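Here is a friendly walk through one protein model, written for someone who likes to know how each value was computed. Have a look at the sequence and structure below, and then read on.

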Amino acid sequence: MSCHKCGQPADSGKKLCPACAQAEKFAEQAVIRGGIKGGTIGLALGLVVLTAVVVFNEFEFTRGMKGIVLMLPLATFITGFMVGMVKARKGWK
């Protein structure tokens, strides 16, 4: 059987040769690392913005303010994670 990517001989029952399988594994790891890096940057930016919001709100924690305190860092982390994964994925294609 031959590899679907490069045409080299592959083991029976496998679609990729060992070299292409290793390249796929490294590509997946790079995407995860990019997501973690982007998530960390997003979380840091969210915490900076949250600090400014709390300071300008003079520490009055109303019901809506508690929601902002919870959701802003979470939303920026998730957004940064997704952007980091997409940027890492585009680097491999």
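Helices (H or I, at least four residues) and strands (E, at least two) are DSSP runs, numbered from the N terminus. With that in hand, glycine 80 can be placed in helix α2. Before going further, please keep in mind that this is a predicted model, in which local features need pLDDT of at least 70 and side-chain atom pairs count only at pLDDT 80 or more, while totals for chains, interfaces and linings use all residues. Residues are numbered from 1 along each chain as its sequence is written, and side-chain values use heavy atoms, with hydrogens and water left out.

**Overall shape**

The protein has two helices and zero strands. Its radius of gyration (taken over C-alpha atoms) is 21 Å, well over the 12 Å that the globule rule gives for 93 residues, so the protein is more spread out than a compact globule. That rule is 2.2 Å times the number of residues to the power 0.38. The C-alpha trace spans about 70 × 20 × 15 Å along its principal axes.

**Surface and charge**

By the Shrake-Rupley method with a 1.4 Å probe, the protein exposes about 7,000 Å², and 68% of that comes from carbon and sulfur atoms. Buried residues (under 20% relative accessible area; exposed is over 50%, partly exposed in between, with a 1.4 Å probe and protein chains only) make up 22% of the 93 residues. There are 12 positive and 5 negative side chains, and the centres of the two sets lie 8 Å apart. Here Lys and Arg count as positive and Asp and Glu as negative, without His and the chain ends; each charge is placed at NZ of Lys, CZ of Arg, CG of Asp or CD of Glu.

**Helix α1**

Does the length of α1 agree or disagree with its residue count? At 1.5 Å a residue, its 39 residues should span 57 Å, and the end C-alpha atoms are 57 Å apart, which agrees. The expected span is 1.5 Å times one less than the number of residues. Helix α1 covers residues 18-56 and includes alanine 19. Among its buried residues are Cys20, Val31, Gly34, Gly38, Gly42, Leu50 and Val54.

**Contacts across the chain**

Contact means heavy atoms within 4.5 Å. Of the contacts with a separation of 6 or more, 45% are between residues 24 or more positions apart. Leaving aside neighbours within four places in sequence, glycine 34 of α1 touches Gly84, Met85 and Ala88. With those neighbours again left out, glycine 80 meets Gly35, Gly38, Gly39 and Gly42. Threonine 76, in helix α2 (residues 63-92), is in contact with Gly42, Leu43 and Gly46 when its neighbours within four places are set aside.

How exposed are four of these residues? The table gathers their values.

| Residue | Relative accessibility | Class |
|---|---|---|
| Alanine 19 | 57% | exposed |
| Glycine 34 | 16% | buried |
| Threonine 76 | 22% | partly exposed |
| Glycine 80 | 11% | buried |

**Distances in sequence and space**

The C-alpha atoms of glycine 80 and isoleucine 36 are separated by 8.4 Å, with their positions 44 residues apart along the chain. For alanine 19 and glycine 67, 48 residues apart along the chain, the C-alpha separation is 49 Å. Glycine 34 and threonine 62 are 28 residues apart in sequence and 36 Å apart in space, C-alpha to C-alpha.
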